Every structure is written in C-alpha cells, then in structure tokens.
Protein chains: 2
Amino acid sequence: MSDQSIQRDLKKGSAELLILSLLEAGPRHGYEISKLIETRSSGAVSFRVASLYPLLYRLEDRGLLQGRWVEKTGQRRRRYYRLTPAGRKMLVQRRLGWTAFVEAIRDITETEYA
Amino acid sequence: MSDQSIQRDLKKGSAELLILSLLEAGPRHGYEISKLIETRSSGAVSFRVASLYPLLYRLEDRGLLQGRWVEKTGQRRRRYYRLTPAGRKMLVQRRLGWTAFVEAIRDITETEYA
DNA sequence: GGACATATATCGTTTAACAATATATGTCGA
DNA sequence: TCGACATATATTGTTAAACGATATATGTCC
C-alpha cells in the first residue's frame, strides 16, 4: 500500500462530512466545493471530479442535498447544492462520529512510553 | 451510505497506523491485536478477522512486520508479529500523515459561524 | 488563436473491510 | 461428558468509494 493509496483510503470515510460541512453556511456548486477543500487544507486534501460529482449525486439521491441549476450570462451553467433538513441532521451525526473516531484512534495508538 | 459503511470507510486508511502502533512496544499476535483495538477504543473500533489477518499478511509481505509461529502446550499456536526497522520508519510516517489529515479535516469543516 | 481556468459528466479499475464460513484447541460448569 | 464459550488463525466472494482518463463546453487574457 503506497502513501498515495493510504491518503485515498483516509478520504473515504470523511468525504461526506466535508461536503455537508461546506454547505452548512449556504449553497455552493461542485467546482466551488472542490476548490474550497483544496484551499482550506492548503492542498493537503483534494477530491478529483470523478469522486466529487458522483458523491454529490448520491447525497442528493439520499435527500441530504437539493441541487438547482443556475445559468448566468458570462458563466458556465452551475449546479448549486444546499443542505436539506435531513442533511443538517446528518451533518450533526457525522461530526459526532468523526470526533469519536479520532478519539478512538488516539486511544489505540498513543505510545505506551509516554 | 449507511452509518455502518461510513464507519467501515473511516477505518480503511487508519488500519495500518493501528497495527504498527500496537506493535511498537513489542511483539503481539493477531488475536491479541484485535482485542486491544476493541478494548482500548471501548468498543468504538473493531476489525473483523477477515480484515485483520489479511492486513497482517500484507504488512509482512511489504517487510514492515516479521511473523513467527509460537507453540506452547495448553495454547493454540500463535503467530507473533514484530516491527521491522522499515516498519518503525513507516510508523513515523503514518503518525505524521494521520495528524496532518486530521488537521486538514478540521480546517475544512470547522464552522464558519465560530 | 492558443493556453489556461472554469464547470460538469462518466467508464472502468483498484482495493480494503467485511459477512460468512471453516478448522481446531482450552476452560468451565452442569 | 457434554455443551457453551473464548481463544486462534484462514479464506472466498461481495461491496463500495476514490480515482485515472477522457470528454464536452465556456470565459478570459495575451
């Protein structure tokens, strides 16, 4: 397992939390979400389009997001997503789950020599 | 994506860190590692045997662990694994990578209303 | 008009955790 | 003695999420 695939696997469980969090403050479109993830993490984390767009579709299918096409002159068409009430509830759950998981990893991995 | 599969995916990138960490202090066998993960995390994290044993084989194949069969009367045979020098180096990398990842997630997801 | 950022779409590949199942031994109580 | 349970390792096939690659299309800037 390369460092790269570790990074890939690390992302698997956290992607949903990332998207929901970024939509908490208001609607955003896919490309914007992608760039936010990169810039806020200083490049440490990024999602490829072949991961991000299907993830948005899944979240919409599950009723956590609602998408809306917006077309303006001088811009490519964009699909803006906003959190549904169910999405907000799930965000709360995902934050709790992530915190608990990080704590569990710390409990397991902290050195015994400390 | 169910809560259960999220938990599954969360584990994907962290399993290697867990194993390497638990072998830092000395050799352990697979079943022991499995129980340690459960007890130290108070049941929050556990790996099934169909995940754990193949992972140990992969780590040994990659030269990060070295396994040794130990048979004692009054006990089932056990395979004890210890960290190789390469495994210790990898452990350092995995700790750094995990910390960086957790920080990145925090940077991306922290609420904008704070 | 050429390079690059913006913006979305999708096929096929990879791979790690797991459910299920199997084998085998030791312990403890009824 | 027999059944239940913990200990201990092994393996087959399934599932699902990120990604590489590729595609389409528009806006900007030199």
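Ala, Val, Leu, Ile, Met, Phe, Trp, Tyr, Cys and Pro are taken as nonpolar, Asp, Glu, Lys and Arg as charged, and the others, Gly among them, as polar. The model shown in these views is predicted.

**View 1. Residue classes on the surface near DNA strand C.** Sorted by class, the surface near DNA strand C holds 11 nonpolar, seven polar and 12 charged residues. In total, 30 residues surround DNA strand C. The closest of them are A:Y57, A:R78, B:R8, B:K11 and B:A50. Sugar or phosphate provides 71% of the atoms of DNA strand C within 4 Å of the protein, and bases provide the rest.

**View 2. Helices and strands facing DNA strand C.** From chain A, α3 (30-40), α4 and β3 (78-83) each supply at least two residues of the surface near DNA strand C. From chain B, α1 (3-12) and α4 each supply at least two residues of that surface as well. The element that gives the most is α4(A), with five residues.

**View 3. Backbone contacts to phosphate oxygens of DNA strand C.** A polar backbone atom of A:Y31 is 2.7 Å from a phosphate oxygen of DNA strand C. For A:R79, a polar backbone atom is likewise 2.7 Å from a phosphate oxygen of this strand. Chain B takes part through B:R48, where a backbone N or O atom lies 3.5 Å from a phosphate oxygen of DNA strand C.

**View 4. Surroundings of DNA strand D.** There are 31 residues around DNA strand D, and A:R8, A:K11, A:S51, B:Y57 and B:R78 come nearest. Of the atoms of DNA strand D that come within 4 Å of the protein, 72% belong to sugar and phosphate. The residues of the surface near DNA strand D comprise 12 nonpolar, seven polar and 12 charged.

**View 5. Helices and strands facing DNA strand D.** In chain A, α1 (3-12) and α4 (49-61) each supply at least two residues of the surface near DNA strand D. In chain B, α3 (30-40), α4 (49-61) and β3 (78-83) each do so too. With five residues, α4(B) gives the most to this surface.

**View 6. Contacts to phosphate oxygens of DNA strand D.** In the side chain of A:R58, an N or O atom is 3.3 Å from a phosphate oxygen of DNA strand D. Two residues of chain B are shown with backbone contacts: a polar backbone atom of B:G30 is 3.4 Å from a phosphate oxygen of the strand, and a backbone N or O atom of B:R79 lies 2.7 Å from a phosphate oxygen.

Note on methods: Residues are numbered from 1 along each chain as its sequence is written. Chains are lettered from A and ligands numbered from 1 in the order in which they are written. This is a predicted model: local features need pLDDT of at least 70, side-chain atom pairs count only at pLDDT 80 or more; totals for chains, interfaces and linings use all residues. Side-chain values use heavy atoms; hydrogens and water are left out. A residue is near a molecule or strand if one of its heavy atoms lies within 4 Å of it. A polar contact is a pair of N or O atoms within 3.5 Å; within protein, one must be able to donate a hydrogen and the other to accept it, and residues adjacent in sequence count only if both atoms are side-chain atoms. Helices (H or I, at least four residues) and strands (E, at least two) are DSSP runs, numbered from the N terminus.
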